[in-house]
Amino acid sequence: MLEEFWFNVQYGINHVLDINAYDHVLFLIVLAVPYIFKDWKRILMLVSIFTLGHTLSLILAAYGVVSVNGKLVEFLIPITILVMAIFNVFTAGKTAKSDKVGVLFFSTLFFGLVHGLGFAREFKLMVGKSDNKLVTLLEFALGIELAQIIIVFVVLFLGFLMQTIFRFSKRDWVMVVSAIVIGLVIPMIINSNILF
């Protein structure tokens with residue numbers, strides 16, 4: 001039982017940290033880059049909302065409620081990253097609003113749903129005809145959340161180093177990182193084959 005639990009948690013961690021599927025990491029980078037350590041509650045809430053959206057998609061797919069065109073999802077995932085990166089470029093240097101729920105939270109939930117659909121087919125194969133789909137899913141979601149927290153911590157730490165030791169302004173740091181991510185996702189959008 002514990003072995004199975006740990007396998008599912010590790011599977012979730014590996015899903016996020018998979019070097020061949022770095023779209024998840026890119027999304028987390030653009031989600032976290034505008035923040036600093038003192039904003040940890042807000043960024044943790046955003047990350048958890050993203051996990052919630054991701055998990056809801058997997059539940060709907062695992063129980064056969066939704067089925068989405070894989071090519072469309074492959075196109076939409078880098079679009080969500082691009083939208084978030086462009087949002088950062090236009091809001092860089094502005095203080096993050098402290099409102100509890102806003103466009104950013106709903107967008108993050110929606111983006112989580114899209115990213116979850118990207119993994120739905122593989123997840124359905126993983127759970128198969130298992131009776132414990134929900135338990136497996138929650139263990140997998142825990143792994144995703146742990147990996148996401150690690151990535152966010154790394155992004156916040158790098159931001160701290162750049163802004164204190166290397167004297168980057170917060171605005172410049174957000175702009176540079178977001179621009180790099182935009183440069184990485186444009187080829188992903190082009191290669192998604194839905195446009196051509």
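**Entry 1: the largest pocket**

I started with the lining of the largest pocket, and α5 gives the most to it, with eight residues. A reminder to myself before going on: this is a predicted model. I then looked up which other helices take part: α1 (2-17), α2 (23-32), α3 (40-62), α4 (70-91) and α7 (170-191) join α5 in supplying at least two residues each. The volume of this pocket comes to about 810 Å³. Its lining counts 31 residues, and I noted the ones closest to the centre: Asp 23, Glu 74, Ile 77, Gly 118 and Phe 119. Sorted by class, I get 13 nonpolar, 12 polar and six charged residues in the lining.

**Entry 2: a look at Asp 23**

Asp 23 caught my eye in the pocket list, so I followed up on it. I found Asp 23 in helix α2. Is Asp 23 buried or exposed? Its relative accessibility is 19%, and because the limit for buried is under 20%, Asp 23 counts as buried. I also checked its separation from Ile 81: the two are 58 residues apart in sequence, with 7.7 Å between their C-alpha atoms.

**Entry 3: aromatic rings**

Next I searched the whole structure for aromatic pairs and got 13. I picked out Phe 123 and Phe 140, whose ring centres are 5.4 Å apart with 45° between the planes, a tilted pair. Phe 123 belongs to helix α5 (residues 103-127) and Phe 140 to helix α6 (residues 133-164), so this pair ties together parts 17 residues apart in sequence. Both rings' residues went through the accessibility check: Phe 123 is buried at a relative accessible area of 0%, and Phe 140 is buried at 1%.

Which residues make up the aromatic cluster that includes this pair? I listed Phe 7, Tyr 11, Phe 119, Phe 123 and Phe 140 as one cluster. Happily, Phe 119 links back to my first entry, being among the residues closest to the centre of the largest pocket.

I also looked for a charge over a ring. Lys 133 lies over the face of Tyr 63, 5.3 Å from the ring centre.

**Entry 4: the largest cavity**

On to enclosed space. How many cavities of 30 Å³ or more are there? I count one. The largest cavity holds about 60 Å³. Met 1, Glu 4, Phe 5, Asn 8, Asn 132, Val 135, Thr 136 and Glu 139 line it. On the helix side, α1 and α6 each supply at least two residues of that lining. The classes split into three nonpolar, three polar and two charged residues.

**Entry 5: backbone checks**

I checked the span of α3, which has 23 residues. From first C-alpha to last, α3 reaches 32 Å, close to the 33 Å expected at 1.5 Å a residue. Just after α3, I noted a positive phi of about 70° at Gly 64.

Most residues other than glycine have a negative phi. Arg 167 is not a glycine, yet I read a positive phi of about 60° there. Where does Arg 167 sit? I placed Arg 167 in the loop between α6 and α7. Arg 167 is exposed, with a relative accessible area of 68%.

**Entry 6: Val 152**

Last, I looked up Val 152, which lies in helix α6. Val 152 is buried, at a relative accessible area of 6%. Its separation from Ala 179 is 27 residues in sequence and 18 Å in space, C-alpha to C-alpha.

Terms used: Residues numbered from 1 in each chain as written. Predicted model: local features only at pLDDT ≥ 70, side-chain atom pairs only at ≥ 80, totals over all residues. Heavy atoms only, no water. Phe/Tyr/Trp six-rings, centres within 6.5 Å; stacked < 30°, edge-to-face > 60°. Helix = DSSP H or I, 4+ residues; strand = E, 2+ residues; numbered from the N terminus. Buried < 20%, exposed > 50% of the residue type's maximum accessible area, 1.4 Å probe, protein only. Lys NZ or Arg CZ within 6 Å of the ring centre and 35° of its normal. 1 Å grid on protein atoms, 1.4 Å probe; cavity = no way out; pocket = protein on both sides within 12 Å on 5 of 7 lines; lining within 4 Å. Points joined across faces, edges and corners; volume = space filled by probe spheres on them. Nonpolar A, V, L, I, M, F, W, Y, C, P; charged D, E, K, R; others polar. Expected span 1.5 Å × (residues − 1).
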